[in-house]
Amino acid sequence: MMICAPVITIDGPSGSGKGTLCQAMSQELKWNILDSGAIYRILALLVLHHQVDINSEKAIMPLAGNLDVQFLFQNGDLKVMLKRVDISIKIRSQIVSDLASRLAVLPRVREILLNFQRSFRKLPGLIADGRDMGTVVFPDTSLKIFLDANLEARTYRRMLQLQKNGVSVNFNELLFQMEKRDERDCNRSVAPLILRDDVLIINSTHIPKQKVTEIALDYVRTKLT
């Protein structure tokens, strides 16, 4: 009899701290990790690299169907590997981020990547972050978290992340871009970012990262016992 690995889904808007929480929980529980946003960023990076017409879903589909991606912890940091090459920094540019958001509305591309994301579900368990992890990708799980924060806090966090990667950004310009990203994510016709009533909601605006992790772990351990 096949045992279905448990899944913790962490959904929420850009910059809410999903990736940080996902990594912290993965290291604590020793579970596998899936950064769904990175999947779309990798595809965006490949589209740019191969100069594929971003308006042609048919031309993008072969790239989506041949991804070789791994998420590995090295010295406490999560590394995103494409064909065993570390591309963690390359996929964090704002250009890649914006294109990833545009690719995320393409239905046939999403269908291909849906199956790819589900392939990460392996024992002892998976922690997956994104925008539709608990609603579309792994709707059967009972371990669902929605992580939120106000727009200003999320913009500031993203600015620090970009600066850490050597990217100079203007706060007001970034805030405008993230506001538009929120609109696209919430209003897209395919798998929009929505808040369901079967999730634990954590607003991280004024809560330290360690406390957010404690709240999430307490919730998961209670549900698993």
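This passage describes the overall form of a predicted model and then turns to some of its local features.

The chain as a whole makes a good starting point. Its secondary structure consists of 9 helices and 8 strands. The radius of gyration is 17 Å, close to the 17 Å that the globule rule gives for 225 residues, so the chain is as compact as a globular protein of that length. Taken along the principal axes, the box filled by the C-alpha atoms is roughly 50 × 45 × 40 Å. Of the 225 residues, 48% count as buried. The surface that the chain exposes comes to about 11,700 Å², and carbon and sulfur atoms supply 53% of that area. The contacts tell a further part of the story: among those between residues at least 6 apart in sequence, 74% join residues at least 24 apart.

One sheet can be followed strand by strand. Strands of a sheet pair through backbone hydrogen bonds, either parallel or antiparallel. Here, an open sheet of 3 strands has the order 3-4-5, and its pairing is antiparallel. Which strands stand at the edges? They are strand 3, residues 69-74, and strand 5, residues 85-86. Each has a single partner strand, so one side of each is left without a neighbour in the sheet. Strand 4 covers residues 77-82 and has a place between the two in the order 3-4-5.

The two pairings can be traced through their bridges. Strand 3 and strand 4 run antiparallel and are joined by 6 bridges, while 2 bridges join strand 4 to strand 5, again in antiparallel fashion. Met81 is a handy landmark for a reader exploring the model. On one side, Gln70 stands opposite Met81 in strand 4; on the other pairing, Met81 stands opposite Asp86 in strand 5. Strand 3 and strand 4 also form a hairpin, with 2 residues between them. In the turn of this hairpin, Asn75 has a positive phi of about 55°.

Positive phi values turn up in loops as well. Arg84 is found in the loop between strand 4 and strand 5, and its phi is near 70°, a positive value in a residue other than glycine. Is Arg84 buried or exposed? Its relative accessible area is 72%; because exposed residues are those over 50%, Arg84 counts as exposed. Lys30 offers another example, with a phi near 65° in a residue other than glycine. Lys30 has its place in the loop between helix 1, residues 18-29, and strand 2, residues 32-35. With a relative accessible area of 62%, Lys30 is exposed.

Strand 3 also leads to the aromatic side chains. The structure holds 2 aromatic pairs. In the pair of Phe71 and Phe120, the ring centres are 5.7 Å apart and the planes stand at 50°, so this pair is tilted. Phe71 lies in strand 3, whereas Phe120 lies in the loop between helix 5, residues 107-118, and strand 6, residues 126-130. The pair therefore ties together parts that are 49 residues apart in sequence. Both of these residues, Phe71 and Phe120, are buried.

Phe120 has a further ring partner. The rings of Phe116 and Phe120 have their centres 5.3 Å apart and their planes at 85°, so they form an edge-to-face pair. Phe116 is buried, as is Phe120. Taken together, Phe71, Phe116 and Phe120 form one aromatic cluster.

The loop between helix 5 and strand 6 is also where Pro124 is found. The peptide bond from Leu123 to Pro124 is cis, with omega near 5°.

Finally, the cysteines deserve a look. A disulfide is a covalent bond between the sulfur atoms of two cysteines. How many disulfides does a search of the whole structure find? The search finds 0 disulfides. Cys4 is in no disulfide, and the nearest cysteine sulfur, that of Cys22, is 17 Å away. Because a disulfide requires a pair of cysteine sulfur atoms within 2.5 Å, a separation of 17 Å does not qualify. Cys22 likewise is in no disulfide, with the sulfur of Cys4 as its nearest cysteine sulfur. As for its surroundings, Cys22 has a relative accessible area of 1%, so it is buried.

How values were computed
Residues numbered from 1 in each chain as written. Predicted model: local features only at pLDDT ≥ 70, side-chain atom pairs only at ≥ 80, totals over all residues. Heavy atoms only, no water. Buried < 20%, exposed > 50% of the residue type's maximum accessible area, 1.4 Å probe, protein only. Pairing = 2+ DSSP bridges. Helix = DSSP H or I, 4+ residues; strand = E, 2+ residues; numbered from the N terminus. Rg over C-alpha atoms; globule rule 2.2 N^0.38 Å. Contact = heavy atoms within 4.5 Å. Areas by Shrake-Rupley, 256 points an atom, 1.4 Å probe, with all protein chains shown as cover. Phe/Tyr/Trp six-rings, centres within 6.5 Å; stacked < 30°, edge-to-face > 60°.
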